[in-house]
Amino acid sequence: MTAAHIEIELKFLVPASSRAALAAELGARGAARRVSLIDAYFDTPDRRLARAGLAWRMRREGRRWVQGLKAARGGALERFEHEVTSPDASPDPQAHAATAPGQQLIELLAQAKAEGQDALERFQIQQRRLMRRVRTRGAVVDIALDEGRLTAGAAVQKFREIEFELVSGSPVAMLGLVERWRRRFGLVHDPRNKAERGHHLVAGSLHPPLRKAKSPRYDQDAGALDAFGAVFDECLAHISRNLIGLTDGAPELRAEHVHQARVGIRRLRSALRAFRGWVAEPPAELVDGLRRLFAELGKARDSDVLGSGVVAELKQAGAPPLSLPADSAPPDLAALIRSDETQHQLLAWISWRAGLQPLAEPQHSLKRLARKRLRRWHKRLVDGRRRFDDLEPTALHALRKHAKRQRYALEFFAPLLPHRRAACHLQALAAVQQVLGEINDLVVARDHYQRLVAADPAAWFAVGWLTARLAEARERARDELGHLAAVEPLPR
């Protein structure tokens, strides 16, 4: 996979209110080019190519046919792309044979054919593109406003998005240009590409899917910067794909998108701590902005805890009718995600990642450094178990955060650890995290109902029931921490 086949680009949703001004800016001084495109995307019935991160399409540009293959690269900016002109509309995988993703395409299609599955057209994209090349200090960038629709059988989805693609120069310089356009036109970062949207449409979904955490991939002998890059890219994808779900997603998935976005933020903060001293630290304002977003999402999360599980369980336990406490209205999540502050934060993190440079090479290998750090953090958890009976809710919450951080760090450093032993630690940590999380939710609910007692004595039932549940959960937490303490130590 050569640099010649790597495209550096970012996509954004365009608010309807900004569409006319944006089109006028692109067309200023007659610098824009207009083109109509029709794309047909191919895959096997079991989505074998999509699951491998490949997108294979045939594009009609006027009278010309162009075949393209794209592949995921893991980060927010980079993707592999290989295009060849074609004499007609018939796709030919051999046209990409000179590239590594092309070889993967050929192998996957051969395996599918041997199993009786041929590649076929899955969906089409018809779009009008308004494109302009812009020169800024340090970069040349193609800016394209795409408007059109995806069609999969009878299903249709319209879209309007803008894409910034680096032609030459510095990615950081391009991102400076992107930030100016984002702020001016209220653009909303969208990590999805059109191929993803098309596959979701085929599956009957018009909305972004829920995105859970995935394991970062890097080589066992990777340096700290490469390993951290893989971890950071995974965390940012986890966050951004759930944030787009909160602004353009299905209402029934709102609570889960909130939860997963918070998990992604927590994982990113844990990654910064796990690699501290081995890679450059981000500016304080970036970390503070991430903390503010986490807190705002937390208001919605607390409301969900009360409004779903606790209320239903109290009713089942025979609680008298009781109105929910209303300390404050939960935030408008779509407005929060589309806000200038949140969108600025996302782009600032992408820019920081693009400009990240290695520190001086550590004296020891990342494997040795990571294992030492994990063993030290594990000892702190074991010490917390010894003091468990004396821990107040605030200290329990801190212990819970430490368990999460240890679990995430184990996942981040998994390529450097023996699989079986790491799996045992992860299993024990997941159980500890689960019960400590339950304790936290019960404390949040009890505090809410405690504040209602003066106004409505019926709240005493909820307070008493939640207190009993807390005592039971604490017993289970003590047991799970004991299991964690007994796990075979990580190697040196």
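Start with strand S2 (residues 33-43) and strand S6 (residues 120-136): they run antiparallel and are joined by 11 bridges. Select Ile38 and look across to S6, where its bridge partner is Gln126. Keep in mind throughout that this is a predicted model.

**Along S6 to S7**

Stay on S6 and add S7, which spans residues 139-152. S6 and S7 run antiparallel, with 13 bridges between them. Pick Arg132 for a marker; its bridge partner in S7 is Ile143. Now go to the turn. The hairpin of S6 and S7 has two residues between the strands, and there Gly138 takes a positive phi near 95°.

**From S7 to S8**

Next, select strand S8, residues 155-169. S7 and S8 are antiparallel too, and 14 bridges join them. Click Glu147, then find Arg160, its bridge partner in S8. This pair of strands is again a hairpin with two residues between the strands. Which residue of this hairpin takes a positive phi near 65°? Select Gly153 to see it.

**Across to S1**

Keep S8 shown and add strand S1, residues 6-13. Five bridges join the two, and they run antiparallel. Select Phe12 in the viewer: Ile162 in S8 is its bridge partner.

**A salt bridge from S1 to S5**

Now show side chains for Glu9 and Arg79. They meet in a salt bridge, at 2.8 Å from N to O. This pair links distant parts of the chain: Glu9 lies in strand S1 and Arg79 in strand S5 (residues 78-86), 70 residues apart. How many salt bridges does a search of the whole structure find? The search gives 46.

**S5, S4 and S3**

You are now at S5. Add S4, which covers residues 64-72. S4 and S5 run antiparallel, joined by eight bridges. Select Val66 and look opposite, to Thr85 in S5. Then follow the chain through the turn. The S4 and S5 hairpin has five residues between the strands, and Gly74 takes a positive phi near 100°.

On the next stop, add strand S3, residues 54-61. Over eight bridges, S3 and S4 pair in the antiparallel sense. Leu54 is a good place to click: Ala71 in S4 stands opposite. S3 and S4 form a hairpin with two residues between them. In that turn, select Gly62, which has a positive phi of about 65°.

**A charged patch on the surface**

Leave the strands and turn on the surface. Select Arg273, Arg368, Lys372, Arg376, Arg380 and Lys401. What kind of charge do these residues gather in a patch? The charge is positive, and the patch lies on the surface. Now color helix H11, residues 366-386. H11 gives the most to the positive patch, with four residues. Arg368 is found in this helix.

**Zoom out**

Finish with the whole chain in cartoon view. Its secondary structure comes to 14 helices and nine strands. Along its principal axes, the C-alpha trace spans about 75 × 55 × 55 Å. How does the radius of gyration of the chain sit beside that of a compact globule with 492 residues? Such a globule would have a radius near 23 Å; the chain has 25 Å, so the two agree.

Note on methods:
Residues are numbered from 1 along each chain as its sequence is written. This is a predicted model: local features need pLDDT of at least 70, side-chain atom pairs count only at pLDDT 80 or more; totals for chains, interfaces and linings use all residues. Side-chain values use heavy atoms; hydrogens and water are left out. Patches are made of residues with over 30% relative accessible area and no salt bridge: like charges are joined within 9 Å, nonpolar side chains (Val, Leu, Ile, Met, Phe, Trp, Tyr) within 5 Å. Accessible areas come from the Shrake-Rupley method with a 1.4 Å probe; for residues, only the protein chains shown count as cover. A salt bridge is a side-chain nitrogen of Lys or Arg within 4 Å of a carboxyl oxygen of Asp or Glu. Lys and Arg count as positive and Asp and Glu as negative; His and the chain ends are not counted. The place of a charge is taken as NZ of Lys, CZ of Arg, CG of Asp or CD of Glu. Two strands pair if DSSP finds at least two bridges between them. The radius of gyration is taken over C-alpha atoms; the globule rule is 2.2 Å times the number of residues to the power 0.38.
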